[in-house]
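Take the model below one region at a time. Keep the sequence beside it.

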Amino acid sequence: AEEKRYICANNHAFDIARQGYVNLLLSSQRPSKAPGDSAEMIADRRAFLDTGHYQPLRERVLERLAQLQQRTQHTQQILDLGCGEGYYTAAFARAQRTVYALDISKPALAIAARRTREITWCIGTSRALPFHDRSLDVVINIFCRPHVSETQRVLREHGTLLLVGPGAQHLRELRDVLYDNVKLDDSHTAPALLNEGFTLAHSETLHYRFTLEGMAIGQLARMTPHYWRAPAERRALLDKLETLTLQAEFIVQEFQTISC
């Protein structure tokens, strides 16, 4: 790292944008012209998350990170993978931590980087992480599926993948409005990780209820895939609601790398 750019061993330079992030996504790695969430989706997510309805999840992740940090004798190296607009990530910057955040969405990083300069914000892909082998203590995935082999490569021995996903009842009431038949599963728990170099070290479920009013209902809906999959007439029904009480159900799991 230099003052305004990063340079690799082959003298390739990557400028730090004025917003504070560095774009490490190569043109050959872009799945589309504008990959990741759009500016509109990011705006809805930021507006909803900043109301604090998901703050209990953020606090629980912070507690788990603090417990993991107690086992580390050096400065904890953390990557928040799929960081989005940085609501969770900004809270991770604490003493004795170096925090990196990566997302493929440029609009997301433009907003995230304004939250704090204590974090290294990067545009990149989970399929080719711009980190050295065995360089990270913790990789965090919140509502973002990990690329297993790359995650395993960058984690140190006894490193941790902290995976957060929706439980079967998460936002059930929202889905009841949008779909005729609601499929209940918790497939985000990714049991396949147990067969790919990880062991499950911790698992818990965080469950609570909250009530939304007015614009917040649509903001939450539009930051989920459910809204965009639903028929237009169902979306219209949701848009007419003045209040909606929902269940939040998050599954928090920690997978530890198995010694080679």
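The paragraphs below go through strands, a pocket, salt bridges, cysteines and a few loop residues.

This is a predicted model. Begin with strand S5, residues 97–103. The strand is mostly covered, with 5 of its 7 residues buried. On one pairing, S5 runs parallel to strand S4, residues 76–81, and 6 bridges join the two. Ile78 has its bridge partner in S5, and that partner is Val99. S5 also pairs with S6, again in parallel, through 4 bridges. Here Tyr100 finds its bridge partner, Thr120, in S6.

Next comes the second largest pocket. Its volume is about 600 Å³. Two elements each give two or more residues to the lining: strand S1 (5–7) and strand S6 (120–123). In total, 23 residues line this pocket. Which of them lie nearest its centre? They are Cys8, Leu24, Pro130, Phe131 and His132. By class, the lining holds 16 nonpolar and 7 polar residues. Charged residues are absent from the lining of this pocket.

Turn now to charge. Side chains of opposite charge can pair when their charged atoms come close. With a nitrogen-to-oxygen cut-off of 4 Å, the structure has 14 salt bridges. Three of these pairs can be followed in turn.

Arg153 and Asp133 form a salt bridge through their side chains, with an N to O distance of 2.7 Å. This pair links distant parts of the chain, 20 residues apart. Arg153 sits in helix H4 (residues 148–154), while Asp133 belongs to the loop between S6 and strand S7 (136–142). How accessible is each partner? Arg153 has 24% relative accessibility, so it counts as partly exposed. Asp133 reaches 52%, so it counts as exposed.

The salt bridge between Arg172 and Asp176 is set within one helix. Their side chains meet at 3.0 Å, N to O. Both residues are in helix H5 (residues 172–178). Because they are 4 residues apart there, about one helical turn separates them. Arg172 is partly exposed, at 24% relative accessibility. Asp176 is partly exposed too, with a relative accessible area of 34%.

H5 also takes part in a salt bridge between Arg209 and Glu173, at 3.5 Å, N to O. Arg209 lies in strand S9 (residues 198–213) and Glu173 in helix H5, so the pair links distant parts of the chain, 36 residues apart. Glu173 counts as buried, at 15% relative accessibility. Elsewhere, salt bridges that share partners join Arg46, Asp50, Glu85 and Arg115 into one network.

What about the cysteines? A search of the whole structure finds 0 disulfides. Why does Cys122 form no such bond? The closest cysteine sulfur, in Cys83, is 8.5 Å from that of Cys122, which is too far for a bond. For comparison, a disulfide needs the two sulfur atoms within 2.5 Å. Cys122 is buried, with a relative accessible area of 4%. For Cys144, the closest cysteine sulfur is also in Cys83, at 9.4 Å, so that gap is too far for a bond. Cys144 counts as partly exposed, at 21% relative accessibility.

Finish with the loops. Gly20 has its place in the loop between strand S2 (13–15) and strand S3 (21–23). Is Gly20 buried or exposed? At 15% relative accessibility, Gly20 counts as buried. Its C-alpha atom is separated from that of Arg117 by 7.0 Å, although the two residues are 97 apart along the chain.

Two other loop residues deserve a look at their backbone angles. Asn11 is in the loop between S1 and S2. Asn11 is not a glycine, yet its phi is positive, at about 70°. Its relative accessibility is 64%, so Asn11 counts as exposed. Arg134 is in the loop between S6 and S7. Its phi is positive as well, at about 55°, and Arg134 is not a glycine. Arg134 counts as partly exposed, at 36% relative accessibility.

Conventions. Residues are numbered from 1 along each chain as its sequence is written. This is a predicted model: local features need pLDDT of at least 70, side-chain atom pairs count only at pLDDT 80 or more; totals for chains, interfaces and linings use all residues. Side-chain values use heavy atoms; hydrogens and water are left out. On a 1 Å grid over the protein atoms alone, a cavity is a set of points where a 1.4 Å probe fits but cannot get out, and a pocket is an open set with protein on both sides within 12 Å along at least five of seven lines; lining residues have an atom within 4 Å of a point. Grid points are joined across faces, edges and corners, and a volume is the space filled by probe spheres set on the points. Ala, Val, Leu, Ile, Met, Phe, Trp, Tyr, Cys and Pro count as nonpolar, Asp, Glu, Lys and Arg as charged, and the others, Gly among them, as polar. Buried means under 20% relative accessible area, exposed over 50%, partly exposed in between (1.4 Å probe, protein chains only). Two strands pair if DSSP finds at least two bridges between them.
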